[in-house]
Amino acid sequence: MSAKEKILEILEENRGGYVSGEFLAAQVQISRAAVWKAITALRGQGYDIQGVTKLGYALAEDTDRLTAAGIGACLSPVLREQLSILSYETLDSTNNEAKRLLTADGLDDGKMLLITAEQQTAGRGRLGRSFYSPLGTGIYMSFVFTASASLADAVGITGAAAVSVVQAIRRLTGKEPQIKWVNDIFLEGKKICGILTEAVTSLENSRAQQIVVGIGINCATADFPKEVAAVAGSLGADSVRRCALCAAVVEALCGFIGQLGERSWMEEYRAASLVLGREILCIQGENTFLAVAEAIDDDGGLVVRCTDGSSKTLHSGEISVRLTGK
């Protein structure tokens with residue numbers, strides 16, 4: 001960690017309060033002049049750092065940059081020790097970066113990694129769709145962990161991630177988002193979050209070795225491309241600080257990853273469902289049909305009742321929720 005990063009970490013831990021230059025110099029083991037140089041560099045990167053004679057430096061409460069130091073300051077001490085965080089200004093995709101790092105260096109058993117970016121130039125969603133990821137308005141993150149779970153159990157982590165996002169938003173904002181099967185989070189009729197889970201698997205025993213959970217949350221995004229403008233929404237510019245929300249999602253998700261086979265999140269997944277009881281359009285490849293969403297089983301399958309009265313369980317594909325017929 002560079003001197004600048006260490007100073008930012010200290011300022012994050014004391015956000016809103018003043019820290020003397022003398023204290024910073026002693027903690028980082030650099031000169032007062034070097035502290036000033038680091039503060040100047042941080043201000044140049046967009047951090048609102050106030051300086052007052054005899055008081056020192058303070059990171060403004062409303063500073064909203066997605067950084068390793070900022071996220072770490074919001075984590076519990078135990079998780080802060082267990083989790084490695086890499087923060088970037090720009091990436092093509094945090095999931096792509098995660099897989100590049102796994103290919104190059106791997107990930108030791110029991111270790112966890114979080115990758116974030118201020119913007120993505122090629123953010124990805126399910127079915128090859130793009131995820132709009134403009135600079136400084138969202139959370140673009142990939143959480144990586146090792147697991148000895150079967151592929152069937154590993155698939156359930158997408159539902160756990162969805163519940164983690166719902167829990168974090170509810171706790172920090174008081175808002176009540178809903179889950180559109182299987183991996184989208186909606187608020188007031190607009191999609192605010194998408195989740196893409198990818199697994200690195202062992203061909204020898206059909207077990208997941210590393211799991212990459214990509215999560216994109218629109219926090220303050222306002223101007224969407226016309227192709228998604230009708231359905232995309234945001235939490236709201238002043239709803240929550242991004243570092244705090246990112247940390248809250250990770251904390252919640254870490255509570256589930258040791259229980260992949262137990263599906264402990266399913267009750268809340270059902271309770272937050274946007275689709276249960278609604279008429280939906282089911283899309284299975286080139287086939288489409290109308291149905292009513294009746295239940296979600298413990299494996300995350302969507303049980304639907306077709307217009308001919310028959311029942312089937314969907315494990316893949318996508319659905320469109322009809323606004324009528326709640």
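Me: Is lysine 191 buried, exposed or partly exposed?
Reply: This is a predicted model, in which local features need pLDDT of at least 70, side-chain atom pairs count only at pLDDT 80 or more, and totals for chains, interfaces and linings use all residues. Residues are numbered from 1 along each chain as its sequence is written, and side-chain values use heavy atoms, with hydrogens and water left out. Buried means under 20% relative accessible area, exposed over 50%, and partly exposed in between (1.4 Å probe, protein chains only). Lysine 191 has a relative accessible area of 25%, so the residue is partly exposed.

Me: Which residue forms a salt bridge with lysine 191?
Reply: A salt bridge is a side-chain nitrogen of Lys or Arg within 4 Å of a carboxyl oxygen of Asp or Glu. Here the closest N and O atoms are 3.2 Å apart, and the partner of lysine 191 is aspartate 184.

Me: Is aspartate 184 buried or exposed?
Reply: The relative accessibility of aspartate 184 is 13%. The cut-off for buried is under 20%, so aspartate 184 counts as buried.

Me: How many residues apart in sequence are the parts that glutamate 198 and arginine 124 tie together?
Reply: The side chains of glutamate 198 and arginine 124 meet in a salt bridge, 3.0 Å from N to O. Glutamate 198 lies in strand β8 (residues 190-202), strands being DSSP runs of E, at least two residues, and helices runs of H or I, at least four, numbered from the N terminus. Arginine 124 lies in the loop between β4 (112-120) and β5 (138-146), so the parts tied together are apart in sequence by 74 residues.
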